[in-house]
Every structure is written in C-alpha cells, then in structure tokens.
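Here is a walk through a predicted model, one part at a time. Keep the structure open while reading.

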Amino acid sequence: MLGVLIILLLALIRGFLISRSPETTVQQGKFEDILSALPQTQCGKCNYSGCQPYAEAIVRGEADINQCPPGGETTIKTIAKLLGRQVKPLNPENGLEKDKHIALIDETLCIGCVKCIKACPVDAILGAAKQMHSVLAEECTGCELCVAPCPMDCISMQAVTG
Amino acid sequence: MSSEVHTRFNRELHSFPGGLELKTHKELTNSKESLRTPLPDKIILPLQQHIGSPSETIVKKGDTVLKGQKIAQASGYISVPVHASTSGKILDIGTCQSIHIKSEQVPCIIIEPDGEDAWFELEPVTDYLSIDPEILQRLIYEAGMVGMGGAGFPAHVKLNEGTATAIDTLIINGVECEPYISCDDRIIREKADYIVSGTRMLQHAIQAEHCVIAVEEDMPEAFEALNALIDDDIELVTVPARYPAGGEKQLIKVLTGKEVPAGGLPIHIGIVMHNVGTAAAAFRAVTRGEPLLSRYVTVSGNVEDPRNLQVLLGTPVEHCLEQVGYHPRDDEAVIMGGPMMGKYIHDISMPVVKTTNSILVTSGFNRSREKPCIGCGDCVDVCPAKLLPQELFAYARAKDYEEVRALHLFDCIECGCCAYVCPSNIPLVKYYREAKTDIAIYEKKQAGYEHARHRFEARSERLDRIENRVDDRFDKIKTLSTDQDPVEEDKQSYIRAAVERMKQKKNKKKD
Amino acid sequence: MSYIDKISSPYIHSLTSINEVMRQVIFALVPGIIVTTWFLGWGVLVHCVLAVCFALAFEAIMLTLRKRPLQDFMYDGSAIITGLLFALTITPFAPWWVSLSGICFAIVVAKHLYGGLGYNIFNPAMAGYAFVLICFPVELNYWPTMLNHAVAGGSGVIESLKIIFIGLPYEGLDSLSGATPLAFTKSQLNGMVMLSEFSSGPLFGSLGGKGWEWIGLAFLAGGVWLMIKGIIKWQIPLIFIFILFALSLIFHGHDPERYASSMFNLFTGGTLLAAFFIATDPVTASATPRGKIIYAAGIGLLTYIIRTWGGYPDGIAFAVLIMNAAVPFIDNVTRPDVFGKVES
Amino acid sequence: MEGFFLVLISSALVNNIVVSHVIGTDPALVATQRRDVAYGISTIMLILLPLTTVIATATTQFILIPLQLQYLQTLVFVILIIMIVYGLRLWSRLWSGPFGKSGSEMFLPLAGVNVTVLGTLLLNQQQDNNLFYSFIFGLGTAIGFALMLALLTAINTRVEMADVPAPLKGPSITLITLGLISMAFLGFSGLIK
C-alpha cells in the first residue's frame, strides 16, 4: 500500500517536471545547418517542394539524407556529419549528380509566354509578356524547373565550364 | 669573417622549426659567369606573371612596339603592367601555356622581334634618395616590378603598405635555399653595386628604420662582394644553409626571432622583405628608367653546360635550354623553379616569366609507388610551419575539409620537406594543393547556395505580397461581376496562337 | 586529371623507404635473438621461424581476401617484425599452436581488420601476445630455467622441436622449467616474503634476472644502433625507461623489502625489447612531439603499476595496448601550435 | 583516504563501466561517432551519475529499507533517473543550470534513457556503499565513462579514414576496438581485489 503511494507520488512529481520541461531535441538544433548545406535550387528532386521542406523532413526523420542530386556527395557528407550518420550514395530515384548546368533559352523560338519566369525560384529569368526571355547565367542554379513549363521546349541545360 | 659582422651589428640569429639539410648542387653553376641569351624567334609575354588580377592589353595585333614600351596596363591595385622585352611586331594576342598559380592557360601577347632591340624613350631619375617616397613607389610600379624570389607578389603593394604602417626593418633576401638554384648568388656577385644602391633606394621608398641583407653561409664570394660596398647603414648577415631558410616567414624568424602571425603578413610585425633580384631591378628601373625586362635564370641539372643566363622575359624555355646543351630524354622532366617547390612543365615552349628563377632538367621525379602512411612523424619533425603533415594528409584524403582547416592547411607553405622525408613516398604537397583547390571550389559553391537561398526567400516574400494584393483585387472584382477574368482569357488565347505559329515555323524549318 | 597533375613537387627525395626502415629494425633485432637463443635454448629460434612463417602466411591470405596488391605489402617487412616480436615475448616452451593463434589474432584482427599497415590502432604483436596470455595462461607459464642454460634438457634443437610440437614432458618438468624472475618475485612478494630473503637466490644475476640482463643488453645494443641510424627517435625509449627507472627508484628507496630495484625492473622481462622495438612502432605510437612524451611516460607508469600491484608479472603488453588506445586522443590534444600562432 | 582512491580507481579504470562491465557499451557506440555528442554525453554523465547515485542511495537507505520496500528498488530507480533528468533540464532552461552555455543539456534525454545510469545505480547498491562512497563511485564511473568516450571517439575518427574492409565499417569496427580495449584493460585485473 505504502509502496504504491510512494510510486504514485514519484510519478506525479515526474509528470510535473516533464510537463514543465521545454521540448527540443538534438536534431532540431541542426535544422539551420542542414538547410545551409542544401544547394537551394528549390528543384524538388528530393520529392519535397523545396530545400526548406526537405530540411524539415530530414530533421523530423521522414526523409533520408541522400535525396538531393544537385548537392550530391558533398551535401550528403555534410548532413551525415551533422547528424552523425553513415555516408551513403545518392538515391538514384531522385536523380544523378552532374556538373553544374545552367538553363539557356533558344531565343529564336521563345514566344515570351512568361511561364518559365514564374517557374524560376530565384528570379534568374528576365523578360516580360510577349517579349523574348533571357537567363541570367550568374543567378541560375540549374534546377531545371523552367524546362518543363516551356510550351516551345526551347529551354535547354548547358554545362558550365570552370 | 661572418662572425665579425655578427658582432658588429649584434644581431643574434634564431632558428626556425623543422627544415632540412639538403645537398645543394650549387657548385654546378655558381662559379660560372652568367651569359646573355640571344634574342629568340618569338617572345611570349603572359598577361599574368604575378599574384593578383591579370593585366589588360593596350596594344593591337600588328602593332609595332619598342623595347620597354608598355603593352599591358594593370587592372587593379594588386596588378602590374607588362612591357615589351624587345622591339618588334605584335604577332598575336591569344592564350598560352604558362606557369601560374591557378590556371595553365593564360592570355598573352606574342611579339616577333625585329632584331634591332630598339629602346623606347626612357626617363631616368637620378636623385632617387631625395625624391618623395611615393614617387619612387610609382616608378617601381610603372616598371612592372614583382617579387622575383618566386611568388611574384607585386612589389609596389609591399612598398605602399610600407608607408601606411611604420616599418621597422627592410630585409633584402639573398638566401637561396633551394638546391641547384644560384641566380641570386650570381646576381650578387655580378651586380653587387646595383643591389646595395637598390637596397638604399627601397629603404628610402618605405622609410624603414633598419635594413638587413641576408645571404646564405655557403655563398662567401657573394658576401665579400657586398661587404666591400656597404657601410654601417646596412647590416649584412649570413644565415645557416638550411632549407627553407629563404622562405619569407622562416628568414624573418631567423633574423629577428619574430614569428609572422599565422594567416598574416610580415607587414603586421613591421617587416618588409624583398628579393635581391627585385632590389637590383628596382634600382635599374628608377635610375635608368628600364622596366623589368630580363632576369637571371639558373639552368641546371642534366644539361651539358649548366650555368646562369640573363634571359629576356617571354623567352621560351626551349630557347634557354638550347643555350646550355639540352638533349631531351624520356626519363627526364623539365622543372621551372627549384626541385623542392618548382613546377613540372610538360611543354617547353612555355615562356620564362618574371618569377622564373630556375629551369631544371631532372630525372628525380620517378618515384616508387605511394604506400600507406605509417605515422612515423618524420614529416612533423621537418615541417617549418609546425603543422602535422600526416594528419593533414589523412583528413585531406578523406576530404574532411573542416578538420583540414582546423589543422591550418592554409599555413602550409608547400615547401615539400614532408614529402621529401616521407618513407612511404606519399606526395603530400600534391594532396594539400588539391585540398586547397577543393576548398576554394566548395566555398564558391556554398556562397552560391547562400546567394540562391537569399534570392529564393526574397522572391517568396514578394510573391506572398503580390498574392495578398491580388486577393484584395479579386475580392473587388468578384463584387463587380462573376464573369471569367478577361485578362486571363486573353493571355491563354495569346499563348495558344503563338504556339501554333511557332510550330508552323518549326515544321517549315524541318522541311 | 591530366598527366601534369600526377607529377608534383618536390622532385627529389631522401630515399628512405618503409622497406628500408623495416629491414634496419630486423637487423637490429638479430643480436637480441642470438643472445635470447643462447640463454633460453633453441626453442626461441624455432618460434621465431614459426611466427614469421605464420605472419607472412596470414598477411598473404588477408591481402588476397582484401584484394590488395601482394607485392607492395609482402616485402615491407612489417609482418616479419610482428612475427619476431611475438616470438620473443612468448616462452620458448610454448606449443606451436600458441604461435599460430597469437599471430592469427595479431595479423587478422589487430592489423587487417583496421585496414592493414599504417592503419592499425593497436600494436599487432602485443595484441597477439595479450590474446594468448589471456587464453592460454598455463602454456605460457613455463619458462626454461637459466640455471644451466647450455646443458638444459630443453635447449637442444630436437628437444625444442619436440617440446613445441608434441608438448612438454610433464615428468621432470621442474628440472627443465621454472618461473621467470619477474613472476617469481611477484609470487614471493605476494607471499609476504621479504625481497632481501630471495634476491640473492639462483634466479638473480648482478643487474636483473640471471641471463635476462644479457638479453636486455643485447636489445639495448640493437636499439642504440637504431637510434644512431635515426630510424627510431630517442624520446619514446628513453622516457619510457626513465619513468620506469624513476618510479622503481622511489619505491625501492621507500621500502627496499617490498619493491624491486630499478636495475631489476629494467633488465628483467621484456623492458628493453619493449622500449626500443615495441613502444617505438611508428604506426601505433603518437606522432606529435608532446604526444610522444605522454605516450612513453604512460607506458612506463602503467608497466610499473601492473608489475607491482597488478595480477600479471610483466605488464608491458597491456601497458602498450592501453596507451595505443589512448594515442588518437593524445594526438588530438597535443597538436603543436602552428608557426606564428596568434594568441587570441 | 585509501578507500577513496580505491573506489575511484576501481570504478574508473579497473571495473570500467564500458569495457569491464559491458553496461556502458551501448551509449559508447552511439555517442562516439561524433565528437560533440560524445562531449555532451560525457559532461552530462559527470554531473548526472554522482547526483543520481547519491540520491538513489539516500532513497534506499532512508525510505526503502525502513519501509522494507527493497523489492521496489529497480522501479523506483527508473523513476528517479527520469525525474532527475527532467529536473536538470528544467533547471538548465530556466536558470542556465550546471551546463552553462555549452548546450550539453540537449543530450539529457539521450543520457537519461540509456541503461548506463540504472546499471551504475544497481552496481552501487550491490556494493553497499554509504552516501560518500556512493558519490565517489558515481564520480569514478562517470570519469571512466567519459575517458572511454574520449578514447573511442578519437579512435573512431582515425578508423573512419582507414582502409577498413567495407562490411566492418561503422559500429562493427567500433565493437572490435572496444573488444581490444577491454583486453588491454584486463591488464588492470588483480590491481584491486
């Protein structure tokens, strides 16, 4: 009887302490670090809508660390180190790592539909409706998001040297 | 003899950590008179012979230039002009193979000499000790002067920084610690007067309080030549022959006992160092108005007549080698620079540049296979920067750049001592260079990530803002009519029409 | 990667190589092996041959399994050294399978599971020795007696082979074998017998255990030769010896009846072998200047503690292994300050 | 005084919680893959273990034994540990606590739920230590644990870069290392009876 009482009492104190204790886990502190290790192409190849949702998913433990093709090996290594996990090869379902490419608009075919401009996550395409569009090579992250929307298939990815 | 001088100036010598005692092989070349190299068929002048940004061409293809005429101007603070080393016609402005820090292909100007070697109009300044230091600096800058010891840091930058801070000591470095090279030894013996006057001039240019000329203890003739000319205003010191005693930070440690802060410059502790070659060339540039057009180059190794040459800048290496009897062999390599820090050149049509101190033909590069590191720690003992080469190597190979940086990779001077002693034959320096390059790439990438993220966030914010406003407008429109948005419909039809038009065009093209 | 990237400065080399270093170490071991054989019988030599053969065999097997080039690693001599050191630490009366299992553990577990030469954390020979010492304490307990070395029953070649491959003749065992001076001292001291009562006994010589002093001197000679050649550095052996010497001096001075003298500690057991050949193994020793000192001092301290108060008569193997485990940590905390370090 | 050193050395080295009693092996495996985790857990253990052993001993002596409730010992210990862990956490959140700004309190839950703490408490009870020796025992155990983590983490970073056969990479080679270290620590056997 007394034992039960003591256990109950202890459990009560414990419950009180837990309820007052703020909830953070080891992983949550790593969110910023993981996000900054991602290439910020917002390409969605990881099956998440952007880099931030993917970083959040990693922190929650939903997503694996090898789903970012643009970041490739370097990114995987960095995240693995941040989380103390084993490095693993890139998941081929998400895509393959390749050298940096940037989008190039074939200006003879462009009809000025602004669809690619809307798709670009970093505002790297210049142009206005019914005007020819052009890619700012310096700003392009090579996410390929502008390729699919183009009705003329006039956007191609070109490898960058250097 | 040297002890006398030591006591005369009470300079106590210190020692730097690590280092090696190497067989110098300087006897091959240091007792032979240097020769002027005849004009080559072609002069190739790379626009980047220095650390910093490349110079900009100011001549056109087909122009005729005179010897000493400026053909490219500096493109920034850390940059210098380039001058034509002889008179002739500009054959081409293109790219060439050259020894340079980062890339192998650099833009260059190719001159076809006319054989007359006609001088451009020169403007000598004789009262160099009484003019304003800033004018002196300007003259030296206009002459395209860079550090001639090997790194090629623009000389005027060191001088300018010198006037900005109070300089305690100017050190003129005649310590040639790399084996085989004797061009500094020769230039001191042959041009001692230039060096001593040049030293006084540089001292005036940076307003240094003290001035030291340092030579190595195995160059007694050079010491005597200088000793005969100097007064009490300049200290002449011999330092023990120990590789890499001629390294900037190492020599400062030996002479003053001070350590240049890691990641810092000698200027931070009130010291400026120039090579003896720079002093001589600077003197020439000011008193005779001749810009930097030629330099002493040691050509040594497996050649018939190893010796020092006075070579016009831009002369192909091949041409220099012809002067001393070179017979190419399969197991040999030609190296620009010394055997410890030089660079292998696979194309001997490459030109001699402002930083070329030596051309070496060696068969020593054939090394046995790389074995695993056994952690013997020999490299730790010889490292002059007090690093841990074996750990650097392990982390560099594992591409753990965070750790590599924590181990001070960027304080590595790539002197090669560690690789020299390594019993496992590991080319450690190669790994460090690769790691340095990779880190630079990684940082660029990371900066790109950061930039992209910034832009993405800005865009998201803007879209949010617009959406809110659009929503407001929609609400207004909705209250007015329930019809489809006319603007939107117009857009759609426009796109459809345009697509049709272009498709027809495309088809036409195909036909 | 173009051809140019494969050639990198420096283009000259000191021409030392692992093979050369290992060869010198093997040469330096020769006097020690000869003297040990002289005092402990042919069994020593038989074990040396056995252990080296086993070591090379396991090395070859592991290299083949791991698909590494045989010719690069077989001739580096590291397996031979492991074999020799192992053979010199076990008793010449040990059966052949002790060598087999010890070397197997040394080469397979301690060396190749970690990636082979250069990557092992623990000294293979000492890991192998500690392994057999824990697994077969009885077999390792019989040592040839030094009393009449030249004519001892176990010292003929045939006799030695018989003992190693068939087993010890259990009748007449006492005339053949006995405890090592270290083990004897330990058991006597544990039995509360005063040191002065037995230290003049037949097991003891002028410096250390009878005969052991000469063995120690032979290893000392080999070690000094290595130091002169610059193959091993002075820090590790000398600091190890100094710490052991100093500790035993203090305790011996404090109570000469309970603690053996410094000379006894140095010249008995594997002290000098360990000091010059085992602790100096470059792979498993610390590489930083300060780390080397801590590492060597640690081995000296632990050896003395285990010898004096622990359960094993000679603690060197354990001391070396424990310090091996600590080396990466020591290396991390003793990184030297970079040239021109800025005080922050 | 002699007892003090005996208990300290015994719990830290001779009967090391990680390599002699294999109780601490699990957290050692997890924590030694990364340096900051190892550091955090070690710091926490150094504070948590002495504290819990003392409180647990006090609880046993002043509550459980007088009330003849020893059979509840394990259960009470489990609840005690969680209480103390969350108490420490609350403390560090509200008044910066014993960890200062190191951020180590992040690892408190990790340290709290592992078996090492409970194991230490039970071992301590087996030895019938009084309050003072309980404290020393807890401290010694924590020192031994931290020492092992330090060694293992350093070894792991080196082994990670080694040419370890692929199937053995990661925790498996750490276990082998632990095995070899335990073997080395057998050298201490007989040091303290």
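Helix 6 of chain B, residues 220-227, lies across three strands of chain B: strand 9, strand 10 (210-216) and strand 11. Against strand 11 of chain B, the helix runs at about 175°.

Those strands belong to an open sheet in chain B. Four strands make up the sheet, in the order 11-10-9-12, and their pairing is parallel. Which strands stand at the edges? Strand 11 and strand 12 (271-275) of chain B do. Each has a single partner strand, so one side of each is left without a neighbour in the sheet. On average, neighbouring strands of this sheet are turned by 25° against each other, direction ignored.

Take one pairing from the sheet. Strand 9 of chain B, residues 169-174, pairs with strand 12 of chain B in the parallel sense, over five bridges. Leu170(B) has Val272(B), in strand 12 of chain B, opposite. In general, strands of a sheet pair through backbone hydrogen bonds, either parallel or antiparallel.

Now follow the chain out of strand 11. Arg242(B) sits in the loop between strand 11 (235-239) and helix 7 (248-256) of chain B. Is Arg242(B) buried or exposed? Arg242(B) counts as buried, because 21 C-beta neighbours lie inside 10 Å; the cut-off for buried is 20 or more. Leaving aside neighbours within four places in sequence, Arg242(B) is in contact with Gly19(B) and Glu21(B). Asn227(B) is 15 residues away from Arg242(B) along the chain, and 22 Å separate their C-alpha atoms.

Chain B also meets chain C. The contact involves 47 residues of chain B and 31 residues of chain C. On the chain B side, the elements that give two or more residues are strand 15 (333-336), strand 16 (343-345), helix 13 (417-421) and helix 14 (428-480). Helix 13 of chain B gives the most, with three residues. By class, the chain B side that touches chain C divides into 26 nonpolar, 12 polar and nine charged residues.

Chain C itself has 17 helices and two strands. Of its 344 residues, 56% count as buried. Consider contacts in chain C between residues at least 6 apart in sequence: 75% of them join residues at least 24 apart.

Next comes the interior. In soluble globular proteins, nonpolar side chains tend to be buried together. Here the largest nonpolar core has 319 residues. Which members touch the most other members? They are Ile140(B), Ala282(B), Ala130(C), Val320(C) and Leu321(C). Helix 7 of chain D (residues 131-160) supplies the largest share of this core, 16 residues. Val320(C) shows the contacts of one such member. Not counting residues up to four places away in sequence, Val320(C) touches Asn123(C), Met126(C), Ala274(C), Ile278(C), Ala279(C) and Ile299(C). Apart from the largest core lies another, of 22 residues, among them Ala103(A), Cys116(A), Ile125(A) and Cys140(A).

That leads to chain A. Its domain assignment gives domain 1 (26-94) and domain 2 (99-162). The centres of domain 1 and domain 2 of chain A, taken over C-alpha atoms, are separated by 26 Å. How many residues of domain 1 of chain A are in contact with domain 2 of chain A? Six are, and they meet six residues of domain 2. The domain 1 side has three nonpolar, three polar and no charged residues.

Notes. Residues are numbered from 1 along each chain as its sequence is written. Chains are lettered from A and ligands numbered from 1 in the order in which they are written. This is a predicted model: local features need pLDDT of at least 70, side-chain atom pairs count only at pLDDT 80 or more; totals for chains, interfaces and linings use all residues. Two residues are in contact if their C-beta atoms, placed from the backbone, lie within 7 Å. Ala, Val, Leu, Ile, Met, Phe, Trp, Tyr, Cys and Pro count as nonpolar, Asp, Glu, Lys and Arg as charged, and the others, Gly among them, as polar. A nonpolar core is a set of buried Ala, Val, Leu, Ile, Met, Phe, Trp, Tyr and Cys residues joined through C-beta atoms within 7 Å. A residue is buried if 20 or more other C-beta atoms lie within 10 Å of its own, exposed if 12 or fewer, and partly exposed in between; C-beta atoms are placed from the backbone. Domain bounds come from an automatic or database domain assignment. Two strands pair if DSSP finds at least two bridges between them. Axes are lines fitted to C-alpha atoms, for helices over the stretch in contact, and angles run from 0 to 180 degrees between N-to-C directions.
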